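Reader: I am new to reading protein models. Could we go through this one, asking how each label is earned?

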Amino acid sequence: MTIEDLETTSRLHMAAHELVENVLKYGSSPEVGLEFELERGVNESIVRLRTRNTAAPEQLRDVTRRISELRAAVDPVAYYDRLIRSTAPMNGMSGLGLARIRAEAGLDVDCSVVGREVSIVVQTTMRSDR
Amino acid sequence: MTVAIKLPMIEEEGLVLGPVEGVRGRVRFAGTGEAEGARVLDRFLGLLHDEALSQELREVTIELAELEFINSSCLKAMVAWIYKVDTEGRPYTIRLVRDAAMHWQRTSLATLQRLAPEVVVIQDR
């Protein structure tokens, strides 16, 4: 399978980098997962990236809150801009990765938590090969 | 040949950061900026800011066309620098020279310009 749409490839590249960084930053055990899925349809296919890692309870609450806010935002770019402005004077971690995936890469972002494991899924649709 | 802006050439963590020789206030970024590179970039931008102030530069140009990608940690370093310039009297403008063929450069540099439209100028190479 090849993704010949350079724009889609670049967006997925950005998302993969941000997701991997999140796993490395927040994962609390060596057991982590990164999956790439392609769900083929007749006219459109869904491309999906999924990470899995365990994390401390406060990290799980934080990522759930962040993604809930991100999904509730009517305008993801405006939300991202507000986040950037509010974190600009602060030192340390950026906290921008997931909002960047949504606003800059234009991908849908969601998560689920089971026990101490969080799974973050980002996905987009693309035209199926003819 | 002289180096008008006195900054170290830094090649670390996949990032190459350094002055363009003989061109006042012009620096070049190349490579890839991952999480580990954020600390390097943050330090470099601090030196660049101090140098721009001491030389009373009116504009600093960053050539980004060879910068393949930066993640959000490195982007945050640029956000912090731009915010500092914007909120401390706007002593100079920041010209970002991009390769518009790179998707991330189109979106991320537009983001930086929205943060401080009176400070950030985007130019295609």
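Reader: How do you know that E1(B) and strand E2 (residues 15-19) of chain B pair?

Author: This is a predicted model, and the pairing is read from its bridges. Two strands pair if there are at least two bridges between them. Three bridges join E1(B) to E2(B). The cut-off is met, so the two strands count as paired. They run antiparallel. As one example, B:Glu11 stands opposite B:Val16 in E2(B).

Reader: What makes strand E1 (10-12) of chain B an edge strand?

Author: Look at the whole sheet. Six strands of chain B form an open sheet, in the order E1-E2-E3-E4-E5-E6. The pairing is mixed. Strand E1 (10-12) and strand E6 (120-124) each have a single partner strand, so one side of each is left without a neighbour in the sheet. From one strand to the next, the twist averages 15°.

Reader: Why is B:Gly89 called exposed?

Author: Count its neighbours. A residue is exposed if 12 or fewer other C-beta atoms lie within 10 Å of its own. B:Gly89 has 7, so it is exposed. B:Gly89 is found in the loop between helix H2 (72-87) and strand E5 (93-98) of chain B. B:Gly89 and B:Ser54 are 35 residues apart in sequence. In space they are 15 Å apart, C-alpha to C-alpha.

Reader: What makes chain A as compact as a globular protein of its length?

Author: Set its radius of gyration against the globule rule. For 130 residues the rule gives 14 Å. Chain A has 15 Å, which is close, so chain A is as compact as a globular protein of that length. Its C-alpha atoms fill a box of roughly 45 × 35 × 20 Å along the principal axes. Of its 130 residues, 28% count as buried.

Reader: Which elements make up chain A?

Author: Chain A has four helices and four strands. From the N terminus on, they run α-β-β-α-α-α-β-β.

Reader: How do you know that chain A touches chain B?

Author: Contact here needs C-beta atoms within 7 Å. By that test, 17 residues of chain A are in contact with 17 residues of chain B. Helix H1 (6-26), helix H3 (76-87) and helix H4 (97-103) of chain A each supply at least two residues of chain A's side. The largest share, seven residues, comes from H1(A).

Reader: What kinds of residue form chain A's side of that contact?

Author: They divide into five nonpolar, four polar and eight charged.

Conventions: Residues numbered from 1 in each chain as written. Chains lettered and ligands numbered in written order. Predicted model: local features only at pLDDT ≥ 70, side-chain atom pairs only at ≥ 80, totals over all residues. Contact = placed C-beta atoms within 7 Å. Nonpolar A, V, L, I, M, F, W, Y, C, P; charged D, E, K, R; others polar. Rg over C-alpha atoms; globule rule 2.2 N^0.38 Å. Buried ≥ 20, exposed ≤ 12 C-beta atoms within 10 Å, placed from the backbone. Axes fitted to C-alpha atoms, helices over the stretch in contact; angles between N-to-C directions.
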